[in-house]
Number of protein chains: 2
Amino acid sequence: MKLATLKNGSRDGRLVIVSRNLQRALDAATVAPTLQYAIEHWSQVEPGLQALYAQLNAGQAASAFDFDPTQAMSPLPRTHQFVDASAFLNHGNIMEEAYDLNVKKTPGIPVLVQRQSDDFWGPCDDYPLHSEADNGDFEGEFAVIVDDTPMASSPEVCASKIRLVMILNDVSMRAHLFRELQMGFGFINAKPAAVFGPVAVTPDELGEAWGADGRIHLDMLVSRNGEWFGHPNGREMDWSFGELLARLGLNRNLRAGTILGTGTVSNKAAREVGSACLAEKRALEKISTGDSTTPFLKWGDRLCFEAKDAQGQSIFGAVDHRFVPFKAGH
Amino acid sequence: MKLATLKNGSRDGRLVIVSRNLQRALDAATVAPTLQYAIEHWSQVEPGLQALYAQLNAGQAASAFDFDPTQAMSPLPRTHQFVDASAFLNHGNIMEEAYDLNVKKTPGIPVLVQRQSDDFWGPCDDYPLHSEADNGDFEGEFAVIVDDTPMASSPEVCASKIRLVMILNDVSMRAHLFRELQMGFGFINAKPAAVFGPVAVTPDELGEAWGADGRIHLDMLVSRNGEWFGHPNGREMDWSFGELLARLGLNRNLRAGTILGTGTVSNKAAREVGSACLAEKRALEKISTGDSTTPFLKWGDRLCFEAKDAQGQSIFGAVDHRFVPFKAGH
C-alpha cells in the first residue's frame, strides 16, 4: 500500500492513497483523515485503506484523481519523534580518515541522533538555504515509521512494529556540524528541516528488497542538477532496523509515528557506486588528492533522490527540490 | 492563567483550567480540547480561556471540581519538538572541572540539545528506572512553550512568542551520558522520558519573577526523599529565553508547541544554595574531597520539584514522583 499527504492548509495535511504506479490518488478521509491518525489506529484502519488501495489499482475508484507530487507534503508533515541513525559505518570511517576525526564510538552500539520533527518540508518545495557559507549538504536515506513500541522491546518485536518505509533528504549544514560534533551535544544548526519523499509504502511493497536481514536492498539514486551523483545500496547497513530501534528504545517507549532514519547510505565501493552526500565525496577526494573539489550546495542547485524496483518503477516518488536563498517571511 | 492536562485515556489528554491557588479545576473543552490545540490556535482561544479562568478564581464556575495533580499528565503529554538548553554555564564549569572534561564550546553560542518529545510522563506517576546501574539522576529545570516562530527571528520576536512556562525533571542516566557526550552525537539512552510539573502558566502569573532580562527569577526547590536538596535560582541563566530561541531558530522554523528547557538550574553559590541534580553535587564533592559520596538514584527514591511565589504559593504544582524498578509491559 502507498500513502501520501496532500497540502490542504492544515499542519497535518490530508491523507490520500496512491496507486502502485504513482499515477492516481484517492482521498482516504472516510477511513483516516491524516497519516498521524492512521499510524495511531493502524490495526483498525489498515483493512479499510488496503481495500481502497485495491480499488484504486484496479481502476475501480470513481473518485480517483491524478497524483501530483508537487502538492505533497512529507508523508508525516510533522511527528512526535524523529531519530536518525548513522548506520552505515563505511560513511563514518571515510569521514574520520579524511578529517582525522577521533569519534569515540563504542563497538556494537549504533550512533543514533535525536532530531527535530515539528516542521518537515514537502518533497518538491523550494528549500530556503539560510546561507551558502553554512556549507550546505544533502544525505540520501531510507527511513521507517513505527507503531507504539514498549520500552526494552527486542529487535524482533521492534521490527514487527514497522508500518511504513520512506526516503528522505537529510539536509545538513557542514559548517555547523563539525563545531557541534566536537562539542558533543548533537546537532541543532547543523540539521535544519528534513525532507521526505512524497509516498510512504508498507514494507510488502518492496518485495524481496525488504530483506530478511532487516535491511532495504535498494539503490538510493541521487542526482545533482540532473547529473548522476551516486547509487549506493541500503543492504550494507551495519545494523538491522530492528536492532537500531531496540537500542533507541532501551529505556523509553517509542510512540506511534516515531520515524527512524538510516543515515546517509554508503557502500564500501563508494568510489564506483558514488555517495549519497557531498561530504563523503569531498572526503574521498581529500583522501585521494589532499584536496576537495566538489562544491557544497549553491543557491539554485536542484537535487533528486529516488529508489526503483526491479522493473524500474519508482517506489516512493522522488524528493526533487531546489535550494533557494532564504527570505524572511518565507 | 494556569492550565493542566488530565488523563482521559487519550494520547493528548483533556485540557482543564486550574485556579491560581491550584485547588480547583474547570473543563476547557468548550474552548479547546487539548493544550496542543490551544497552542496552535492561541490568539483565538486565549480570551475564552482567560474568561473561564476569571470565573474559576472568583468561585463562579458551577462545574468546577477539585484539582487532583495525581490525575495530571505533563501539560503537553507529547509535542513535536523539545529542545533542552544547558543555559547555566556554572553547571558545565563544575562538571568540566570535576571530571577534567574538554567540552569544546564556542563562546557566545549556547548549548542546545534536541530531545525526544513523543512520551512525557505524568508529574506524579511512578517512573520506571530501567537499571540502577545506569546511574540515574534528575535535573530540575524551567521551560517555556512557544507559538509558531519563523526562521531567523530576533531574540525580541522569539521572546514575544512565549506562551506558557513550566517546570520539569529532566531525568538523566549518567552512565550513558558520558559515553554519548564523548561520541558527539547528543543524547539517546542518557535521556529517557522527561516529566513536567502539572500546571503550565502564562508568563504574567510569575509577576516580577518573569524578569525583564528574559529569565525566571524563581528558586527551583528540589527535595529527595523529603529532604532539602537545593534551591538554585533561575536568574543566573547565561542567556535569555529569547536569545536561546533565536539561536535554535537560526535556520529553521519553530512550530507551535515547541518546548525549550533551561537545563539544570545552577548557581555560583552552589555550595550554599545546593544543586538541582545529583551530578553537580557529586562533582562538588569530588572537587572538595576527591570522592563523591551522594549516591545516584535508587529504586524507591522520591523526588520533588516545585517553585513558589513571594507569598509561598506553589506556582506550577509539583513534580512529585517515585523511581521504581522497570517491569516489561509497564
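Two exercises with worked solutions follow, on the interface of chain A and chain B and on Thr294(B).

This is a predicted model, in which local features need pLDDT of at least 70, side-chain atom pairs count only at pLDDT 80 or more, and totals for chains, interfaces and linings use all residues. Residues are numbered from 1 along each chain as its sequence is written, chains are lettered from A in the order in which they are written, and side-chain values use heavy atoms, with hydrogens and water left out.

**Exercise 1.** Describe the contact between chain A and chain B by residues, area and salt bridges.

*Solution.* Begin with contact, meaning heavy atoms within 4.5 Å: chain A contributes 55 residues and chain B contributes 55 residues. Next take the buried area, the accessible area (1.4 Å probe) that two parts lose on being put together, summed over both; here that is about 5100 Å², with 54% of it on carbon and sulfur atoms. On the side of chain A, the most area is lost by His80(A), Phe185(A) and Ile188(A), together 15% of what that side buries. Finally, count salt bridges (a side-chain nitrogen of Lys or Arg within 4 Å of a carboxyl oxygen of Asp or Glu): there are eight between the two chains, and Arg11(A) forms a salt bridge with Asp148(B) at 2.7 Å, N to O.

**Exercise 2.** Decide whether Thr294(B) is buried or exposed, and describe its surroundings.

*Solution.* Locate Thr294(B) in the loop between helix 8 (278-289) and strand 17 (302-306) of chain B, where helices (H or I, at least four residues) and strands (E, at least two) are DSSP runs, numbered from the N terminus. Buried means under 20% relative accessible area, exposed over 50%, and partly exposed in between (1.4 Å probe, protein chains only); Thr294(B) is therefore buried, because its relative accessibility is 9%. Beyond its neighbours within four places in sequence, Thr294(B) has contacts that include Arg224(B), Phe229(B) and Glu285(B).
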